[in-house]
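Please open the structure in your viewer and keep the sequence panel visible. The tour below proposes a series of selections and describes what is found at each one.

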Amino acid sequence: MHLSPALTALVLSLALVVAPAGAQEQQPPAKPADDKTPPPAADKPDTKAQKLDRVDVSGSASDEQARRASTAAKIVIGREELMRYGDSSISELMKRLPGVTTGGVAGRGGDIRMRGLAGGYTQILVNGERMPPGMSLETLPPEQVERIEVLRAPTAEFGAQAIAGTINIVLRQAPPKRVNELRLGLASENGNLRPSFSWSRNDKLDDQGKSTYNLTLNAQQSDFSNEGRSRSDIHDLRTGQDSLIVGSNGNENHNRSLNLNGRLQWKPSNRELLAIMPFLSAGSGRGQGGYEREISPAPLPDDPLARFDRSSNRFHHRFTGGGLSGQWHTGIGKEGKLESSAMLGRFSNRFGNRIQEFKGTQLVHDREDESTSRNGNWSLRSKLSQPLLDEHSFVAGIEAEGRRLRQQRQCLEDGLPCGYLLDFGDQVDAGSRRIAVYAQDDWSVGKQWSFYAGLRWEAITTDSRAKDHLVGNTSRVLTPLFHALYKFSDDPKKGRDQIRLSLTRSYRAPELNDMIARRYVNSLYPCPGGQRCQQTNEFIYADYDGNPQLRPELATGLDLAYEQYLSKGGVLSANLFVRRISNLVRRLTEQETGLEWSDAPRWVSRPRNIGSATSSGLELEAKFRLDQFLDNALPINVRSNLSLYKSSVAGIPGPHNRLAQQPRFTANLGGDYRLKSLPLSLGASLNYTPVTTLQSTREAATRTSKKQVLDGYASWSFDANTALRLSATNLAPQDFSNDSFTAAPEKTVSAQNWGRTYTVWTLRLEMKL
């Protein structure tokens, strides 16, 4: 087996690191040394299967086979590998995927990021479609996931709103066989118990297996508590006075959720399919918290900081939602196929919050907020696939989508209506409409070259209405896309090395919440009850507003990758990428006059297009069995990846003018081992993100502490139908900190916030009934 020098060095270094520890199992599963069964089908060339897999991954194809055959760079992670650690959320599950990280506190998931980029640079799809508004990945149980596809460069079919990349979550379908699975789990974190229940049933409705169904029910309770400390050093540039604020806080949260998904499918032939998929989701939560602070020296009576020294907070929320989607596939001509889908959904969310501030024992400020949001959405899609002469696979499609947000808010300050809402109104009606058309061609030249060319056009229209204020915005984006794949040998026995090249155009559309005209007044400089604001606030205590004139961020991208597929399963890869972004969006704070809610000038923070940025990086991945490289080593299946990132934003002073909270690097190392003498599987993984310092604007910088998460699991199989799994997330909990520094016209503020993390233990019984 031939290895390039760079990849050989990477593999050996990772192998030496992981040798003493457990490691991550890969596809196909490890076999005992004395197992004489033939190698998996993935080792045999199948030109026909590879050709089809460029568009759709066949359920019978292995993960590596689908990855190797796709002209556009795509990593496929199957159900067995996804379910191994018993994660309670999709975001926790994803942190072990190559090039994927999560924000938030260790052990509790968070926003999903590719290439370290936060803030909407990663496109998240469910079954190839964007998630309905009001629905989050936290409401989607991991048990409902069949596989996850990670696309590092955009394609015309999946959409170009993917500057960092695309993650497509494919849910379980209804196979023509009976499956009846039950999972009972109990997790514990810092004394809080989290029971969960999951039941999934697949079956056929006729003897021929043409009619099948799938039903999945999931219920869980999630209780958690937090403790934190804070310190703020403030220097007043006007008076020269220094102030110190030391605070402590804590809160408790209690959440419940219920999710139901179904699929009824009729497949009269291999080229025809009709499916109906309903889904329902409901949940509720409540919580309370408190905050205490000490200020030295004591502020003057007219200083806003003197208003209170402790506060209490109570909140509650409830959400319900559901929808219905359908698919229809039919053959066109001899080899063509037409795939159409439609979806209709509706979600509602009610949130209430009450904050009371005290000076000693006296109540000095009482604010109540109640908001009700209703999200509606619809989508229509149709795609025509047609094989052409000379190994061409042509695909063309059209998509239409509409979203609507209606939000009503009630706000009381000290028993009176919030003044700034009198002029602005307490209702918001906002929406977006999107239409897209695309075409792509995937073809081969001989057995070693494959090419992909695509073109996608999208138009997005948004509008926002609040009382007498009506704003709107329309943007149009044209994205050409090109991918190329070269295999060094047409015979897998002589080598399975290949190289990829992608030249793409992608974009990031502004978030609806950033564009709608919805204002929030800072509580330290409030408007008097029933009146407009009469006083000027400070830079560090700015009001918040949207910007309906935002333009999409546009990115030109280059990806170059080298991959080597190992004879016993596994892959070594190195991927280089560059993105050049224009119309970059950042939230800036500026003083504005003539505001609808204030007679006095106010500092307002709103998103704006500020200029350009560049992001680049090198992504290394090694997935292999340890005994392929070390003699007499255990057959531990190892998975590791290291990603190095660099980015800069024009117009913001360096050296930390990075893009969207992107760290300098991220690393994952993990593995699995299945014992021969016992029905026991063991595994562990380590995820590491270093300290990240970010200069977000000329005035503000942030610093996030390192994130080091060690996970492990042990699974005991009683028989082919029953297993007990013990897993632990964040085995070595560490305190975290989030620091910020602001150089405002009036003051400089250095703030530090500390919090604790905890180990999450989960025991789960898995049964096939």
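**The nonpolar cores**

Begin by selecting Met94, Tyr121, Ile148, Ile169 and Leu659: within the largest nonpolar core, which has 32 residues, these touch the most other members. Next, colour the elements that each supply at least two residues of this core, namely β1 (74-78), α5 (90-94), β3 (112-114), β6 (145-151), β7 (165-171) and β24 (571-592). Please bear in mind throughout that the model is predicted. In soluble globular proteins, nonpolar side chains tend to be buried together.

Now centre the view on isoleucine 148. Which residues is isoleucine 148 in contact with, leaving aside its neighbours within four places in sequence? The contacts are Ile75, Val76, Ile77, Leu82, Leu93, Met94, Leu97, Ile167, Asn168 and Ile169.

A second, separate core may then be selected; it has ten residues, among them Leu572, Phe624, Leu626 and Val638.

**The five-stranded sheet**

Display the strands in the order β1-β6-β7-β4-β5, which together form an open sheet with mixed pairing. At its edges lie β1 and β5 (129-130), each of which pairs on one side only. Move to the β5 edge and select strand β4 (residues 122-126): β4 and β5 run antiparallel and are joined by two bridges. Here valine 126 stands opposite glutamate 129 of β5.

**Strand β8 and its partners**

Select residues 179-189, which form strand β8. Why is β8 described as largely enclosed by the rest of the structure? Eight of its eleven residues are buried, so the remainder of the structure largely encloses the strand. For this step, buried means under 20% relative accessible area.

Add strand β9 (residues 192-204), which runs antiparallel to β8 and is joined to β8 by eleven bridges. One pair to locate is valine 179 opposite asparagine 202 in β9. Follow the chain through the turn: β8 and β9 form a hairpin with two residues between them, and asparagine 190 in the turn has a positive phi of about 50°.

Then add strand β35 (residues 760-768), which is also antiparallel to β8 and is connected with β8 by nine bridges. Leucine 184 has leucine 765 as its bridge partner in β35.

**A nonpolar surface patch**

Switch to a surface display and select Phe488, Ile499, Leu501, Leu503, Leu558, Leu560, Leu576, Leu618 and Leu644, which make a nonpolar surface patch of about 680 Å². Two elements, β21 (497-508) and β23 (553-565), give two or more residues to this patch, and β21 gives the most, with three. Leucine 501 belongs to strand β21. Its relative accessibility is 31%, so leucine 501 counts as partly exposed.

**Two aspartates in loops**

Select aspartate 490, in the loop between β20 (469-487) and β21. Aspartate 490 counts as partly exposed because its relative accessibility is 47%. Not counting residues up to four places away in sequence, aspartate 490 touches Lys447 and Gln448. Glycine 446 is 44 residues from aspartate 490 in sequence, and their C-alpha atoms are 8.9 Å apart.

Finally, select aspartate 545, in the loop between β22 (543-544) and β23. Is aspartate 545 buried or exposed? Its relative accessible area is 4%, so aspartate 545 is buried. Add arginine 519 to the selection: arginine 519 and aspartate 545 are 26 residues apart in sequence, with a C-alpha to C-alpha distance of 4.6 Å.

Key: Residues are numbered from 1 along each chain as its sequence is written. This is a predicted model: local features need pLDDT of at least 70, side-chain atom pairs count only at pLDDT 80 or more; totals for chains, interfaces and linings use all residues. Side-chain values use heavy atoms; hydrogens and water are left out. A nonpolar core is a set of buried Ala, Val, Leu, Ile, Met, Phe, Trp, Tyr and Cys residues joined through side-chain atoms within 4.5 Å. Buried means under 20% relative accessible area, exposed over 50%, partly exposed in between (1.4 Å probe, protein chains only). Helices (H or I, at least four residues) and strands (E, at least two) are DSSP runs, numbered from the N terminus. Contact means heavy atoms within 4.5 Å. Two strands pair if DSSP finds at least two bridges between them. Patches are made of residues with over 30% relative accessible area and no salt bridge: like charges are joined within 9 Å, nonpolar side chains (Val, Leu, Ile, Met, Phe, Trp, Tyr) within 5 Å. Accessible areas come from the Shrake-Rupley method with a 1.4 Å probe; for residues, only the protein chains shown count as cover. A salt bridge is a side-chain nitrogen of Lys or Arg within 4 Å of a carboxyl oxygen of Asp or Glu.
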